[in-house]
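Here are my comments on the model, set out as numbered points for you to follow alongside the coordinates.

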Amino acid sequence: MVAVRTDQPQLANNNGKDKSLESWIWDAACSIRGAKDAPKYKDYILPLIFTKRLCDVFDDELNRIAAEVGSRQKAFQLVKADHKLVRFYLPLVPDDPEQPVWSVIRKLSDKIGEGVSTHMRAIARENPLLQGIIDRVDFNATTHGQRDLDDDRLSNLIEAISTKRLGLEDVEADIIGSAVMAWAVWARWSRSTVIPSS
């Protein structure tokens, strides 16, 4: 029998709100990883976490504008006409404007990898500062004719990331820096973990 470490690395606990950032990233990695290959999935996890942060902050900004103009639908129209009203303009509009912007990604059910890549490239096109950050990963990439991250695992990852809100009042401003730090600690920890062969 192969021993498995079940303890997880601990850092800050997000001021007691919800799960710790580290546990949340751990859950996200566990939702997709092949037992021996977890560190390679950082290339998928971190851009999605960054995009979730962008979506939640955009929602907060839309809600602020909606409170002034009367509806989120009007807020969407205003920010589409004037991108300077928000930190980053996201060209993601849910079918129901009352739904979170992240729901556009979360509701993908067919060709998920292609859809995620398309949405991230669209966000990067609208925001030159994000080019090369969120659009550098192809969520539909293949190696030797097989998807690197199939749609089922990608869907599980999106669901795991969806469990935490990353808006202006939810997390510290440097959530991405914290996520990268947490990932580095987790990746170092996971290399020292004895993992069962499958």
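The points below deal with the nonpolar core, an aromatic cluster and one helix of this predicted model.

1. The largest nonpolar core holds 46 residues, and those with the most contacts inside it are L48, F58, V116, L154 and L157. Two or more residues come from each of α1 (21-32), α2 (42-69), α3 (72-81), α4 (103-106), α5 (112-126) and α6, with α2 giving the most, 11 residues.

2. Leaving aside residues up to four places away in sequence, L48 touches W102, V116, M120, F139, L154, L157, I158 and I161.

3. The model has 3 aromatic pairs. In one of them the ring centres of F58 and F76 are 6.4 Å apart and the planes stand at 65 degrees, so the pair is edge-to-face; because F58 belongs to helix α2 and F76 to helix α3, the pair ties together parts 18 residues apart in sequence.

4. F58 also pairs with Y89, edge-to-face, with centres 6.1 Å apart and planes at 85 degrees, and this pair links helix α2 to the loop between α3 and α4, 31 residues away along the chain. F58, F76 and Y89 form one aromatic cluster, and each is buried: F58 has a relative accessibility of 1%, F76 of 8% and Y89 of 7%.

5. Helix α6 (residues 151-162) spans 16 Å from its first C-alpha to its last over 12 residues, close to the 16 Å expected. At the start of α6, a side-chain oxygen of D150 comes to within 3.1 Å of the backbone nitrogen of D152, while the buried residues of the helix are D151, L154, L157, I158, A160, I161 and S162.

Terms used:
Residues are numbered from 1 along each chain as its sequence is written. This is a predicted model: local features need pLDDT of at least 70, side-chain atom pairs count only at pLDDT 80 or more; totals for chains, interfaces and linings use all residues. Side-chain values use heavy atoms; hydrogens and water are left out. Helices (H or I, at least four residues) and strands (E, at least two) are DSSP runs, numbered from the N terminus. The expected span of a helix is 1.5 Å times one less than its number of residues. Buried means under 20% relative accessible area, exposed over 50%, partly exposed in between (1.4 Å probe, protein chains only). A polar contact is a pair of N or O atoms within 3.5 Å; within protein, one must be able to donate a hydrogen and the other to accept it, and residues adjacent in sequence count only if both atoms are side-chain atoms. A nonpolar core is a set of buried Ala, Val, Leu, Ile, Met, Phe, Trp, Tyr and Cys residues joined through side-chain atoms within 4.5 Å. Contact means heavy atoms within 4.5 Å. Rings of Phe, Tyr and Trp (its six-membered ring) pair if their centres lie within 6.5 Å; planes under 30 degrees apart count as stacked, over 60 as edge-to-face and the rest as tilted.
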